[in-house]
Amino acid sequence: MCGIIAYRGKRTNAGELVLLGLKKLEYRGYDSWGVAVKEESRVKNQESRIFVCKKTGKIGELELKKLKLPAGQLAMAHSRWATHGGVTQRNAHPHASCQNRVVVIHNGIIENYLPLKKKLMKKGHTFISETDTEVAAHLVEENLKKYKGKVSREVFQTAVRKALNELKGRYAFLFMCKDSDVLIAARRGSPLIVGIGEDSEYFVASDIPAFLEYTNRVMYLDDEEMITIGDQHGFMNIQTGKPIEKRVITIHLKAEEAEKGKFEHFMLKEIMEQKETIHRAINQDEKLLKKVAKAITQAFGTYFVGCGTAGKVCMAAEYFFSNIAKMHVNSVFGSEFSSFQHFIKKGSLMIAISQSGETADTLEALEAGQKKGARLLTIVNVEGSSMDRMADLSVHLNAGPEKAVASTKATTAQLALTLLLAYCAAGKLNEGRKVLVEAASQINDMLNPRYEEHILKLAQQIKNVESMYVIGRGVNYPMALEAAIKLQEVSYIHAEGFAGGELKHGPIALISKGTPCIVLVSNDDTREDVLSNAMEIKARGGFIIGVAPKREEVFDYWIRVPDVGSASPIVNIIPVQILAYQLAVLRKNDPDMPRNLAKSVTVK
C-alpha cells in the first residue's frame, strides 16, 4: 500500500530525484513520508552518514530547499499508510538501527516482530518507534556487529539475507548501510520493480510511474528474491542464496498517460477516458478470448475472485454467465476465500480480477488455489504485475494507468471483458462485441459538459445529506453495491447498496422524509420490479434518483442512460461515478486520495 522508490547511480541529486518520484506514487495512499540519502564524507578518513528526514501529512508542493538535502548518489523514499503504530513522525519511514548504521523502508507486515523485538532488546538494542519495520534494521545491524567500518558488498548482502530469513509475513524492503555503497531490495508478497537506466543507473519502486520519465526498461522481483545493486546488480534467492538470472523487459507506457493533463483531478480524467477504455478492453485477440472461454466451459468449477470494486465485478460476472451463457460460476471476495478453498481441486479454474494485480488477499487466494491444482487466469490492468506473472493465462484491460484511488475506468473495462467472455462462452462472441461497441459509442455521447452539469445540480441539492441508498435488481444489484462504494470512498457520505427486493426485509426502516435513494434501472425483466421497489421508498418519503433509459413517474430526479441491453451495468455506474466525484469536490474532499484508503492494498 505504501509508495517506495530508491535510486543508485551517478547523479548527485538522488534525494531530490526520489522525492519527486514519490510524489508520482501519492495515489497509493499515505499518511506520512520520509527520505534517506547516503551522504559521502567530504573529509578524508571521516565516516559517511545517512541523512534522514521524516514528516507526517501530505508531501504537498515540496520545497526541496527547506529540506536541505545533502548531495548523494544513493537515496530512497517512502510514503506510509499506517498499520503498526499511529500516524507520527517517529513512526514514519525510513527507520534506522541504534547506531544509524542501517536504514530501512518497508511495505507489508512482519508477523513475528514482537518476539524478534524482545530478543533484540535483551541484546541491548533500543527501539524508538511502534512499528514492526524497525525490527528489520536492528536485525541487520546485529548481523553486522563483528564488522567494524566499511563492509563489503558480500558481507552486507549476507547480513540482510540472514535477517530476512528470520522474518515472517509479506513485505517489500529496501536496505542501506552507511558503511556500504550498495542498495539491497527484497520481496515477499509486495511489489517491487527495478528500473534499468543508462550508465549503471538503477531505480527500485513499487510502481513504474515513479521512474518512468528516466527509463522504461524494467526487471521484476518475484517472491523470495532480493537484488543487490552497486555498479552492477545481482539477484538471488533469499532462502538459498543461489543467484538468479533475470531478463530486462521494455514497458510500452508513456509518461504523459500517468499525468492529469488539463483535468483538475485524476478521478475526473479517468471517468472521461471511459470513452476510449471500453474499446481498448474489448479489443482482444480472438484466439485468446476463445482460449479463456474454453477454459471456463471445461473447468470443474469456476471461481471469480476479487476485492473491493473488483469483487463487485466478480459478482456481476455470475449474472453475466447465468443470463448469457446459461452457466453457473462462483464469485468470492479474496479476503473470504479461505472459507471456500475446500471446493477447489485439480481441474478447477480461478479467475482473479484486479486493477493493480497486487492485491494481497487476492494473491493469497490464488496461492491457495495453485497449491490445490487449480488453473489460474487473471484479468488485470498492470502488465507484469504479480498476478499477471503468476497466472497460466492473462487478459489485460489496456485501460492505461489508473491513479485515483476510487476505480472508474478499470471497473467498466473489467465489466466489459467479463461480459464479452460470457458471450464468448455462449458461442456468441460477435454478438458480444456488437453490444459492447454500441455501448462504448453511447458512452462517448453521454460524457459531455451538459451531462456533467445536470448531475452537478443534483450533487448541489444533496451535498449535505448524512445517508443515501442505492438499489438494483439482477445484474444491477452488484452495481448498487459498487455505487455505494464510490459514494463512500470519495464523498464520505454514508451509503449502502441493496437488492431492490430485499428492502421490505429490513432496510426500508431506514427511509425517512428526504432520504436520497438512487434506483438503477435497465430495460429488462427486472424493470417493473425495481420501479415497484422505488415506489415503496417514495411512499415513505424517500427522494428517488432514477438512473434509467427513460423517465419514470416515480423519479424525483432523472439521470438518463442509454438503453444498451446486457451492458446496462456499465452505463449505469458511470453517472454515479460522476456524482461521487462532484459530491467530493463540493464537500472539499480530495477525490484522488480519500482519507484512510490506498490504491493498491498490498497488506492483508
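## Rings that pair up

Rings of Phe, Tyr and Trp (for Trp, the six-membered ring) count as a pair if their centres lie within 6.5 Å. With that in hand, one group is easy to pick out: Tyr-7, Phe-203, Phe-211 and Tyr-214 form one aromatic cluster. This is a predicted model, and a search through the whole structure turns up 7 aromatic pairs. A pair of aromatic rings is described by how far apart the centres are and by the angle of the planes.

## Charges over rings

Some rings have a charged partner instead. Take Phe-235: the charged end of Lys-246 sits over its ring, 5.7 Å from the centre. Over at Tyr-492, Arg-595 lies over the face of the ring, at 3.9 Å from the ring centre.

## The chain as a whole

Now step back and look at the overall build. The protein chain has 17 helices and 25 strands. Its radius of gyration is 25 Å, close to the 25 Å that the globule rule gives for 604 residues, so the chain is as compact as a globular protein of that length. Draw a box around the C-alpha atoms along the principal axes and you get roughly 85 × 50 × 45 Å.

How much of the chain is tucked away? Of its 604 residues, 62% count as buried. The chain exposes about 24300 Å², and carbon and sulfur atoms supply 48% of that area. As for who touches whom, take the contacts between residues at least 6 apart in sequence: 72% of these join residues at least 24 apart.

## A closer look at helix α15

Helix α15 covers residues 476-491, and a quick check on its length works out nicely. At 1.5 Å a residue, its 16 residues should span 22 Å, and the end C-alpha atoms are indeed 22 Å apart, so the two values agree. An α-helix has 3.6 residues a turn, so residues three or four places apart point the same way.

Is α15 enclosed or out in the open? Of its 16 residues, 14 are buried, so the helix is largely enclosed by the rest of the structure. Just after α15 comes Tyr-492, which takes a positive phi of about 65 degrees. Tyr-492 is also the residue whose ring face has Arg-595 lying over it.

## Unusual spots in the backbone

Most residues other than glycine have a negative phi, and most peptide bonds are trans. A few places here go the other way. The peptide bond from His-93 to Pro-94 is cis, with omega near 5 degrees, and Pro-94 sits in the loop between β4 (74-80) and β5 (95-96).

In the loop between β5 and β6 (102-110) you'll find Asn-100, which is not a glycine yet has a positive phi, near 55 degrees. Asn-100 counts as partly exposed because its relative accessibility is 44%. Ser-200 is another non-glycine residue with a positive phi, about 60 degrees. It lies in the loop between β9 (193-196) and β10 (202-205), and at 26% relative accessibility Ser-200 counts as partly exposed too.

## A buried loop residue

Where does Glu-224 sit? Its place is in the loop between β11 (217-220) and β12 (225-229). Buried means under 20% relative accessible area; Glu-224 has 16%, so it is buried.

Which residues does Glu-224 touch, leaving aside its neighbours within four places in sequence? Its contacts are Arg-187, Arg-188, Met-236, Asn-237, Ile-238 and Gln-239.

Key. Residues numbered from 1 in each chain as written. Predicted model: local features only at pLDDT ≥ 70, side-chain atom pairs only at ≥ 80, totals over all residues. Heavy atoms only, no water. Phe/Tyr/Trp six-rings, centres within 6.5 Å; stacked < 30°, edge-to-face > 60°. Lys NZ or Arg CZ within 6 Å of the ring centre and 35° of its normal. Helix = DSSP H or I, 4+ residues; strand = E, 2+ residues; numbered from the N terminus. Expected span 1.5 Å × (residues − 1). Buried < 20%, exposed > 50% of the residue type's maximum accessible area, 1.4 Å probe, protein only. Rg over C-alpha atoms; globule rule 2.2 N^0.38 Å. Contact = heavy atoms within 4.5 Å. Areas by Shrake-Rupley, 256 points an atom, 1.4 Å probe, with all protein chains shown as cover.
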